[in-house]
Amino acid sequence: MYYSLILHGRRRSSHELRQWRNWRAAPMVNLLLQNASAFTESFSSVATAPANLCPEDDERRRKSFTVSYLIDSLGLTTKLAESISMKANFEEKGNPDSVLKLLRSYGFTDSQISSIITTYPKFLVENPEKSLSAKLHFLKLNGASRSELTEIVSKVPKILGKRREKWIINYYDYVKDILQDQDKIFKSTKKKDTNRTRNVSVLRELGVPERLLLNLLISRAKPVCGKEKFEESVKKIVEMGFDPTSPKFVSALYVFYELSDETIEQKVNAYQKLGLSENEVWAVFKKWPFSLKYSEKKIIQTFETLKRCGLTEEEVVAMVKRYPECVGTSEEKIVKSIETFLGLGFTKDEFMMIIKRHPQCIGLAADTVKKKTEFLVKTMGWPIKVVASTPIVLGFSLEKFIFPRCNVIKALMSKGLIGEIPPISTVLTSPKLKFSKIFVEKHEDVLPELHSIFTGDCISKE
């Protein structure tokens, strides 16, 4: 019912959006939207900027500083730097400089440091003497050589996330064993390691790569340390046809190892009651194993929230089959997604079309959607309804994909080589070779710089 105020089928004015945000008829919506007003105010074409720096602006400034720092200091990509800034951000470089200096003093390369920071962004804002230094010093005192320490910690940074010294050294030794030759593992004399070494050997023979094995070793569930349950779980996963080299194989192992058969059956039944057949439930599981980790309450809640958005039961089922990760999306995030798209000028029908054609859009960050939509509509000139009809473009990288292609089009139009902007589908969804043939190779004699623009060597965001 309350979504009828949000999704009314026509474009919303900023006044109407404010009325919606202030509506108090549904306590649940109040809770979900209490932090959402900043999005609509920033997206509204008539909203005015506050005289003083608001918390949202301060957060944006901190994130921008963090992104620039990570790119300059560690050479990270913009996308990775932005991802890290969402979890930890700062406005001064004193503390992060100390963190990088400490890690480099132990011999970590910038590439290895990037792995650590990507796993634990909070290290950048924590006191390095209290968080990192003590743990690294402890491992060094326990016999870890410089080369061994940097290799193991950079491959499995989660070791540094352990709090107790006993856990740190135990997990460190586990990983050290795995990095050694297979023969050395079989020669282990520790009885407590019998199941672990045997199970690791089984997974290795199945083809599970080292990078996945290492994280399994230090997981809380410890699926490689059991016996009967481990064997049962692996048997089920293999019989279902999971690829051992894929992370989905490990995800499925977690699910089967942690959940009882009764619990799994209850969750399968929950999906069936919501409209999926048993075969469809297991097809969803193969696509995203964690679909069975959520509680029955959460599964039902997500279905009901999507239906309140205006989707029919059949459309919700189709969305889950196509993008099962949506089951884990919170009600708050779904409502914020609605607010984001409506605030940018999309209609209710266009929003519905977007999530039906490309469900992943419901999980995109507000800033990401805003930047891409504004560039495609305001800079490139495609009507907003055209963007809505091809929502997959909102999932493309702005810097690596959208800018290069659109810059080629802008260059061609500025020279009068094409009369009007081509359809968005032709520009952004055509295969690379087809785009190059139509827009680059055909005009390179006149504009030799087109190739460098297309490859991203020459990018203009204007």
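Leaving aside neighbours within four places in sequence, S114 is in contact with L74 and L76. This serine belongs to helix α8, which spans residues 110-119, in what is a predicted model. S114 counts as buried because its relative accessible area is 10%, under the 20% cut-off. Its side chain also has a polar partner: a polar atom there lies 2.8 Å from the backbone oxygen of D110.

Zooming out, the protein chain holds 28 helices and 0 strands. Of its 462 residues, 45% count as buried. As for how the chain meets itself, take the contacts with a separation of 6 or more: 70% of them come from residues 24 or more positions apart.

Now for the nonpolar interior. In soluble globular proteins, nonpolar side chains tend to be buried together. The largest nonpolar core here has 83 residues, and the members that touch the most other members are L203, F303, L376, V408 and L428. Apart from that core lies another one, of 34 residues, with A81, F108, I116 and A144 among them. Back in the largest core, L376 makes a good example of a hub residue's surroundings: with residues up to four places away in sequence not counted, L376 touches G381, W382, V387, V393, L394, I402, I424 and L428.

Helix α25 (398-414) comes next. The buried residues of α25 are L398, I402, F403, P404, R405, C406, N407, V408, I409, A411 and L412. Among them, V408 turns up again in the list of residues touching the most other members of the largest nonpolar core, and I402 is one of the contacts of L376. The cover over the buried residues of α25 includes α23 (366-379), α26, α27 and α28. Both ends of the helix have something to show. At the N-terminal end, S397 acts as a cap, with a side-chain oxygen 3.1 Å from the backbone nitrogen of K400. Just after α25, G416 takes a positive phi of about 75°.

Helix α27 (residues 432-440) has F435, S436, F439 and V440 as its buried residues. These four sit on the same side of α27 because they cover an arc of only 100° around the axis. The general geometry is familiar: an α-helix has 3.6 residues a turn, so residues three or four places apart point the same way. On the other side of α27, L433 and K437 are exposed. Covering the buried residues of α27 are, among others, α25, α26 (424-428) and α28 (450-454).

F435 deserves a closer look. With a relative accessible area of 0%, F435 is buried. What sits over its ring? The charged end of R405 does, 4.8 Å from the ring centre, and R405 is itself one of the buried residues of α25. The ring of F435 has an aromatic partner too. A search of the whole structure finds 16 aromatic pairs; one of these is F435 with F454, a stacked pair at 5.1 Å centre to centre and 25° between the planes. The two rings bring together distant parts of the chain, with F435 in helix α27 and F454 in helix α28, 19 residues apart. F454 counts as buried as well, at 12% relative accessibility.

Aromatic rings also gather elsewhere: F242, F256, W282 and F285 form one aromatic cluster. F242 has a charge for company, since the charged end of K286 sits over its ring, 5.9 Å from the centre.

Two further helices supply residues with contrasting exposure. S337 lies in helix α21 (residues 331-343) and is buried, with a relative accessible area of 5%. Its contacts, not counting residues up to four places away in sequence, are F351, C361 and I362. T263 lies in helix α17 (residues 261-273) and is partly exposed, with a relative accessible area of 26%. T263 and E296 are 33 residues apart in sequence, yet 9.7 Å apart in space, C-alpha to C-alpha.

Technical notes
Residues are numbered from 1 along each chain as its sequence is written. This is a predicted model: local features need pLDDT of at least 70, side-chain atom pairs count only at pLDDT 80 or more; totals for chains, interfaces and linings use all residues. Side-chain values use heavy atoms; hydrogens and water are left out. Buried means under 20% relative accessible area, exposed over 50%, partly exposed in between (1.4 Å probe, protein chains only). Helices (H or I, at least four residues) and strands (E, at least two) are DSSP runs, numbered from the N terminus. The arc is that of the directions from the helix axis to the C-beta atoms. Contact means heavy atoms within 4.5 Å. Rings of Phe, Tyr and Trp (its six-membered ring) pair if their centres lie within 6.5 Å; planes under 30 degrees apart count as stacked, over 60 as edge-to-face and the rest as tilted. A charge sits over a ring if NZ of Lys or CZ of Arg is within 6 Å of the ring centre and within 35 degrees of the ring normal. A nonpolar core is a set of buried Ala, Val, Leu, Ile, Met, Phe, Trp, Tyr and Cys residues joined through side-chain atoms within 4.5 Å. A polar contact is a pair of N or O atoms within 3.5 Å; within protein, one must be able to donate a hydrogen and the other to accept it, and residues adjacent in sequence count only if both atoms are side-chain atoms.
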